[in-house]
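Take a first walk through this protein model. Start with the whole chain, then move in to single residues.

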Amino acid sequence: MTIKIAHFASYGINVGDNITIHRIRRSLERMYEGDIEWTSIKFTHFSAKNNDVRYCKERFQKISEENDILIIGGGGLIEADLKQGTGQKLPINEEVLSLINIPIIIFSVGINYFNNRGELQEPAIKTLKRIFQKSVLKSVRNDGTYEICQEIGLTDDLYEIPDPGLIFDPEEENEKKDTITKGFLQPAWNSSKQILHGRGYTDENLILINNIVKENDLHILPHTPKDYKAAAYYGYDYKYIWTEEAFRELVLYKDFLYIVNAYKEYDYAVALRGHGQLISIGANLPSIYLSTQRKVRDFSLKNGFKDYDVSIFENGWYDNLISKIERLKNDSGYLNEWYNIRNRNNKDYHKKYNNFCSKVVEVLRNVR
């Protein structure tokens with residue numbers, strides 16, 4: 001039997017969002033006995049209209065009429081934004097929610113908190129509670145999002161599961177290496193000056209990041225076109241693996257796995273984005289994390305990677321980062337411990353992720 005699933009997510013803009021979509025679909029297609037007909041509900045269609053409530057109501061009513069299930073996620077889809085018509089990043093408020101008459105599944109979504117940006121407040125929290133209450137299954141990713149949900153009262157029947165970007169098949173993983181030499185920087189850039197400032201991107205710190213690239217002969221592996229704007233500040237724009245024009249084609253959902261596969265061409269990574277961190281770990285690529293955002297730091301602390309994480313806000317962060325990169329290259333014990341932590345976690349990631357997928361499949365079986 002064919003089931004129709006409307007899948008709301010961010011498509012074709014960011015490698016991290018793409019991989020969450022891909023892994024969710026791949027997993028459910030493997031586990032569900034029937035056929036799945038996917039309808040892509042693109043976040044950008046709503047954000048382009050600033051989540052205009054009338055538009056959101058019309059779209060979600062039609063979505064509800066034409067599909068059997070609505071999946072929301074993965075990716076960082078929960079974020080405070082009072083400029084939006086719905087009062088938050090999600091294009092759903094109480095009015096919109098009342099028109100959704102099919103089961104809702106929230107699948108490994110994340111809450112994005114940036115320094116210098118507001119956290120979730122009422123009435124957005126009230127709306128989120130209603131969305132969560134109406135959802136037949138709901139899960140959030142393991143990067144500190146669950147703890148934020150605890151703070152705002154969203155944990156009833158809530159599962160904490162790995163981000164889908166952590167889920168790799170064995171044949172997709174990098175082979176373990178005894179020595180590493182070839183690395184890349186995975187940058188994190190935003191269009192908002194407020195967010196950039198909140199990431200600790202002072203003129204001095206940007207020069208120091210540039211020095212990291214230069215001194216370690218790092219290539220630059222972007223996740224989104226915005227990451228190319230970093231070249232004006234990091235310098236070394238020729239270090240980008242692809243031209244911006246080529247990247248804009250590769251990052252489309254149909255081709256983005258080409259970018260993920262590039263992780264296999266390197267020995268290690270220095271990641272700034274959350275999904276740069278997660279994909280590196282999922283792909284078994286030794287990595288150091290320069291935390292400029294709460295979710296990167298929180299993931300490291302929650303998942304045992306504290307000694308491989310450096311916060312840009314700590315005193316002496318540059319020397320600490322240089323030291324950790326050198327240890328990854330030259331200290332076999334430090335390198336092997338990264339692999340040990342990753343391998344222990346990986347078994348748990350797959351178990352929790354597959355368990356949740358099984359629950360989703362049960363919903364699919366019983367929807368009609």
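The paragraphs below go from overall form to local detail.

This is a predicted model, in which local features need pLDDT of at least 70, side-chain atom pairs count only at pLDDT 80 or more, and totals for chains, interfaces and linings use all residues. Residues are numbered from 1 along each chain as its sequence is written, and side-chain values use heavy atoms, with hydrogens and water left out.

Begin with the overall build. The protein chain has 15 helices and twelve strands. Both are DSSP runs numbered from the N terminus: helices (H or I) have at least four residues, strands (E) at least two. The C-alpha trace spans about 55 × 40 × 40 Å along its principal axes. The radius of gyration is 20 Å, which agrees with the value near 21 Å for a compact globule of 368 residues. That radius is taken over C-alpha atoms, and the globule rule is 2.2 Å times the number of residues to the power 0.38.

Next, look at inside and outside. Of the 368 residues, 60% are buried. Buried means under 20% relative accessible area, exposed means over 50%, and partly exposed lies in between (1.4 Å probe, protein chains only). The chain exposes about 15,500 Å², and carbon and sulfur atoms supply 45% of it. These areas come from the Shrake-Rupley method with a 1.4 Å probe; for residues, only the protein chains shown count as cover. Among contacts (heavy atoms within 4.5 Å) with a separation of 6 or more, 73% join residues 24 or more positions apart.

Now turn to the rings. The structure holds 22 aromatic pairs. Trp338 and Tyr339 form an edge-to-face pair, because their ring centres are 5.5 Å apart and their planes stand at 80 degrees. Rings of Phe, Tyr and Trp (its six-membered ring) pair if their centres lie within 6.5 Å; planes under 30 degrees apart count as stacked, over 60 as edge-to-face and the rest as tilted. Trp338 is buried at 0% relative accessible area. Tyr339 is buried too, at 2%. Ring pairs link these two with Tyr289, Phe299 and Phe305 into a cluster.

Tyr289 also leads to another residue, since Val296 touches it. Val296 sits in helix H13 (residues 294-302) and is buried, with a relative accessible area of 0%. Leaving out residues up to four places away in sequence, its other contacts include Leu272, Arg273 and Asp309.

Glu79 lies in the loop between strand E4 (75-78) and helix H4 (94-97). Is Glu79 buried or exposed? At 13% relative accessibility, Glu79 counts as buried. Beyond its neighbours within four places in sequence, Glu79 is in contact with residues including Lys89, Phe114 and Arg117.

Finally, check the backbone. Most residues other than glycine have a negative phi, and most peptide bonds are trans. A cis peptide bond joins Gly73 and Gly74, with omega about -5 degrees. Gly74 is in the loop between strand E3 (69-72) and E4. Another cis bond joins Glu122 and Pro123, with omega about 0 degrees. Asn50 has a positive phi of about 50 degrees, and phi of Asn51 is near 50 degrees. Asn50 lies in the loop between helix H2 (43-47) and helix H3 (53-66), and Asn51 is found in the loop between H2 and H3. Asn50 is partly exposed at 44%, whereas Asn51 is buried at 1%.
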